[in-house]
Amino acid sequence: MKTLLETFCALPCVSGDEPAFRAQMRELLAPLGEVSFLPSGTVLCRLPVKKPGLPVVLLEAHLDRIGLMVARISEKGFVHASAVGGVDPRTLAAARVTIHTKAGAVAGVVCATPPHLAEKEGALPKPADVAIDVGLTAEAARERIGYGDRITLDGPFTPLLGDRVAAPAVDDCVGCAVVVRAAELLRACKTAQIVVALCAQEEVGGAGAVTAANAVSPDFCFAVDATFAETPDSDPAAVMKLGGGPAIGFAPVLDRGLCNRLVETAKEQNIPWQAEIMTRSTGTDADHIAPAGRGVRTALVSVPERYMHTAGEVVSLADAEQTALLLAKTIGGGLR
Amino acid sequence: MRDLVKRLCEARGISGDESAVRAVIERELAGVCPLRTDPLGNLIAEKAGRPANKTLVFFAHMDEVGALVTRIGDDGLLRFSPIGIDAAVLGGRRVRVGRENLPGVIGAKALHHLKKDEEETAPKAEALFIDIGAADRAEAGQHVAPGDAVTFDDPYLGELGDGFVCSRALDNRLGCAQLIELLRSDCPFAFTGVFTCGEESSLFGATAAANATAPEIAVVLETTTAGDVDGAPADKVVCALGKGPVVSFADRGTLFDRELFALAFDTAKQNNIPVQTKEGVFGSNEGRVVGRAGSGAQVCAVSVPCRYLHSASVVAKWSDIEDSARLIRALAQRFAAL
């Protein structure tokens, strides 16, 4: 799980840049089944069909991550960028970033307003217009850097104490790692036809998920995403426990029967789990998949993480491993 | 110079915990000149040579901005108190904690749970915490204790764009590098170089070192904030990268000696070295204490202009660093002859 997560975290795949990672996706998923790509950038991998007539189960996570994109280069040579998805403004000042240009990576630092210049104390950079210092003149910057070039927040993949790791884009690299792991566990599955979907553009509206559901027309879908884990300053009712096991989602859009199957399986298999209750939308691709086509019975299982949408998202590897196990056991046990 | 700056930046040392930095400097100056460490941890170097007319002492502080662990929570998260860091640059940063240099992340609740006003203002340091992955207080306590040092963890980047360097702790390892180069130089005059402790807290190191060395001319080798970023009005730029060393006439702590200030500009002109001043009275440094020892000293400050000064990603320009070294070498001779 650690290696798999690290592999996904190492791909600087900001929303809209998914097609650039087709070669890596093919290499990673080809051992599992037949790999194909949708125009949206979504990657599909169909596991071999064991016998006709099996229910089609979509194992879904999103491939994209939040980031920034180049909008303008100023006369002084600063790169002005606009957020792609929900970038955390509290983490931007003086943050290291990488601009992914057609000629390669360009390092940068997000400008931090010197204290004597701040309009008010503690003013944060605005995600709609983030100035980045790349140490270049305007002329050199314009030559090397293009409009729309995607920008990632720098941060290494760092093992912390215990089984926890910190990395950028654990949301939703952990989901990608979980569905790939679950598919590996289901390689011999004779109760379902498994299709893995690593979807594009979740952070900007879910176009990759809708098109995946349309293309596959699954009978069931299990969406896997990252969810909020508790911190001392969070509302206890809105967060899960880090290390508390997979969070099984309950929400109007989610299929109650599938959710219950997940809970039953967790109990049978002694897999720790927690319930995540969402009264409105889930804020995940599940919202887009469930109503796709003629409707898809959809469940959502999430891995708790801290510091979502920063360059140091923290997750427990055991939670991720248990999530993959829960999915494999639930699907392997047969769905109705 | 570049390798020296890298070696100095790779050592970690917040105020009151400078021993690792001192060890690097001791290695750099081994065999160059006699060194001694005073009771507070200042490293004092005596350059041999012809006696200067006035006692000439250069100061460069070794410490960097950082934080101290104040408390370990039941949840295994560490509370901390910053030393010298602006809270706006803390959120989301990777850090190293304690003697084991344990990796950690500065965290807070998720963006998605913020109220509107919380999205526009940086959280205060008291509202943040460091996550080292510990599941509870007992696990954290095996590795970390209150009082342990916290430093930023962003890597040293020797080449940012065309001719820039980006690192934590450039404030003030650049000043240390300047002083090391000066002590290694062929300057014919005797002078004292002090690598000080505690500038980012209360200037305690420089205060005691000035008492011990009794300068008549005190020169502070430092870094200073440049406001040459997009959106800054001309009257707030103060100084800019690429325009050479910054010689101050005043800051919020010191009225620098006018004779030395004029001499610095004259020396730069004679030697064709670009030079600038701080156009505005902002910030302060050890100048405020090194002129007050004994019967006092004339004080001068030469700084390398830096962007994002008290953050994990300070940016400076190599040409400014090299021009500063040239100016400081030339100034040492002029000051010694005063």
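A residue is called buried here if 20 or more other C-beta atoms lie within 10 Å of its own, exposed if 12 or fewer do, and partly exposed in between, with C-beta atoms placed from the backbone. The model is predicted, and local features are reported at pLDDT of at least 70 and side-chain atom pairs at pLDDT 80 or more, while totals for chains, interfaces and linings use all residues. Residues are numbered from 1 along each chain as its sequence is written, and chains are lettered from A and ligands numbered from 1 in the order in which they are written.

By this criterion Ala169(A) is buried, with 29 other C-beta atoms within 10 Å. Ala169(A) belongs to the loop between strand 11 and helix 4 of chain A, where helices (H or I, at least four residues) and strands (E, at least two) are DSSP runs numbered from the N terminus. Although not a glycine, Ala169(A) has a positive phi of about 60 degrees. Chain B offers a residue of this kind in Leu203(B), with a phi near 65 degrees. Leu203(B) sits in the loop between strand 12 (191–196) and helix 5 (204–213) of chain B, and is buried, with 23 other C-beta atoms within 10 Å. As a reminder, most residues other than glycine have a negative phi, and most peptide bonds are trans.

Cis peptide bonds deserve a look as well. In chain A, the bond from Asp171(A) to Asp172(A) is cis, with omega near 10 degrees, and Asp172(A) is part of helix 4 (residues 170–185). In chain B, the bond from Asp171(B) to Asn172(B) is cis, with omega near 15 degrees, and Asn172(B) is part of helix 4 (residues 170–184).

Turning to the overall build of chain B, the chain has eight helices and 16 strands. Its radius of gyration, taken over C-alpha atoms, is 20 Å, close to the 20 Å that the globule rule (2.2 Å times the number of residues to the power 0.38) gives for 338 residues, so chain B is as compact as a globular protein of that length. The C-alpha atoms of chain B fill a box of roughly 60 × 45 × 35 Å along the principal axes. Of the 338 residues in chain B, 58% are buried. Contacts (C-beta atoms, placed from the backbone, within 7 Å) often reach far along the chain: among those in chain B between residues at least 6 apart in sequence, 76% join residues at least 24 apart.

Several elements of chain B can be followed residue by residue. Strand 9 (residues 149–152) points Ala149(B) and Thr151(B) one way and Val150(B) and Phe152(B) the other way, and all are buried. Strands count as paired if DSSP finds at least two bridges between them. Strand 9 of chain B pairs with strand 4 (residues 66–72) in the antiparallel sense over two bridges, with Ala67(B) as the bridge partner of Val150(B). Three bridges join strand 9 of chain B to strand 6 (residues 94–97), also running antiparallel, and here Val95(B) is the bridge partner of Phe152(B). In strand 16 (residues 314–317) of chain B, Val314(B) and Ala316(B) point one way and Val315(B) and Lys317(B) the other way, and all are buried. Strand 16 of chain B pairs with strand 11 (residues 164–167) in the antiparallel sense over four bridges, and Val165(B) stands opposite Ala316(B).

Helix 8 (residues 318–336) of chain B has 19 residues and should span 27 Å at 1.5 Å a residue (1.5 Å times one less than the number of residues); its end C-alpha atoms are 27 Å apart, which agrees. Buried residues of helix 8 of chain B include Ile321(B), Leu327(B), Leu331(B) and Phe335(B).

At the level of domains, whose bounds come from an automatic or database assignment, chain A is divided into domain 1 (2–65 + 168–332) and domain 2 (68–153). The centres of these two domains of chain A, taken over C-alpha atoms, are 31 Å apart. In chain B, domain 1 covers 2–64 + 169–336 and domain 2 covers 67–152.

Finally, the contact between the chains takes 52 residues from chain A and 55 residues from chain B. Strand 7 (104–110), strand 8 (130–133) and strand 11 (164–167) of chain A each supply at least two residues of the side of chain A that touches chain B.

Conventions. Two residues are in contact if their C-beta atoms, placed from the backbone, lie within 7 Å.
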